[in-house]
Amino acid sequence: MTKGSCLCGAIRLEITGPLGPITACHCTQCRKTSGHFAASFDIEDKQLTLTGTPKWHTLLGGAQRGFCETCGSSIAFRDDRSDLSIEAGCIDGPIHTHLTEHIFTAFKGDYYAIADDAAQRAGNG
């Protein structure tokens, strides 16, 4: 079981089973939400047990971001392509997976370079 939480602990999560590989998203929405880029992994809804209730914000295109109303921590993302993406930074302790892909690199900030060997896609299609 993998455990995690928001910064203040008002939302806690427990994930059963393996975590998917991490994807770094450099789109404008992820950059504005996280302050840099978002790193997350996909899981099936049934793998997640939440304590506390995230506030869900609907974005352009219908995707949603779940965050803690108390501390503002970004917890999750969901859209019609996957069950649920969990922000990697919410996990307590070792995560036992690794970053395999950067998406929406055409929108990345100009203040940093992507310097690892993970696959890169200018968009997400």
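Strands β8 (residues 74–78) and β9 run antiparallel and are joined by 2 bridges. This is a predicted model, and β9 is a handy place to start reading it.

**Around β9**

On the β8 side, Phe77 sits opposite Ser85 of β9, and Ala76 has Ile86 in β9 as its bridge partner. On to the other partner: β4 (residues 38–43) also pairs with β9 in the antiparallel sense, here over 4 bridges. There Asp42 stands opposite Ser85 in β9. Ser85 therefore turns up twice, across from Phe77 and across from Asp42, if you take Ser85 as standing opposite a residue in each partner strand.

Which way do the β9 side chains go, and are they buried or exposed? Within residues 84–87, Leu84 and Ile86 point one way, while Ser85 and Glu87 point the other way. All of these are buried.

Here are the residue pairs across strands, gathered in one place:

| Residue | Opposite or bridge partner | Strand of the partner |
|---|---|---|
| Phe77 | Ser85 | β9 |
| Ala76 | Ile86 | β9 |
| Asp42 | Ser85 | β9 |
| Leu13 | Leu50 | β5 |

**Ser40 in β4**

Let's stay with β4 for a moment, since Ser40 is found in that strand. Is Ser40 buried or exposed? Its relative accessible area is 16%, and the cut-off for buried is under 20%, so Ser40 counts as buried. Leaving aside residues up to four places away in sequence, Ser40 touches Ser85, Ile86, Glu87 and Ala88, and also Pro21, Ile22 and Thr23. Of the residues it touches, Ser85, Ile86 and Glu87 belong to β9.

**The bigger picture: a mixed sheet**

Zooming out, β8, β9 and β4 sit in an open sheet of 8 strands, ordered β6-β7-β8-β9-β4-β3-β10-β11, with mixed pairing. At the edges stand β6 (55–58) and β11 (119–120); each has a single partner strand, so one side of each is left without a neighbour in the sheet.

**The other sheet**

How many strands form the open sheet that contains β1? That one has 3 strands, in the order β1-β2-β5, and its pairing is antiparallel. Its edge strands are β1 (2–5) and β5 (48–51), each pairing on one side only. Neighbouring strands in this sheet are turned against each other by 15 degrees on average, direction ignored. Between β2 (residues 12–15) and β5, the antiparallel pairing runs over 4 bridges, and Leu13 has Leu50 in β5 as its bridge partner.

Terms used. Residues are numbered from 1 along each chain as its sequence is written. This is a predicted model: local features need pLDDT of at least 70, side-chain atom pairs count only at pLDDT 80 or more; totals for chains, interfaces and linings use all residues. Side-chain values use heavy atoms; hydrogens and water are left out. Buried means under 20% relative accessible area, exposed over 50%, partly exposed in between (1.4 Å probe, protein chains only). Axes are lines fitted to C-alpha atoms, for helices over the stretch in contact, and angles run from 0 to 180 degrees between N-to-C directions. Contact means heavy atoms within 4.5 Å.
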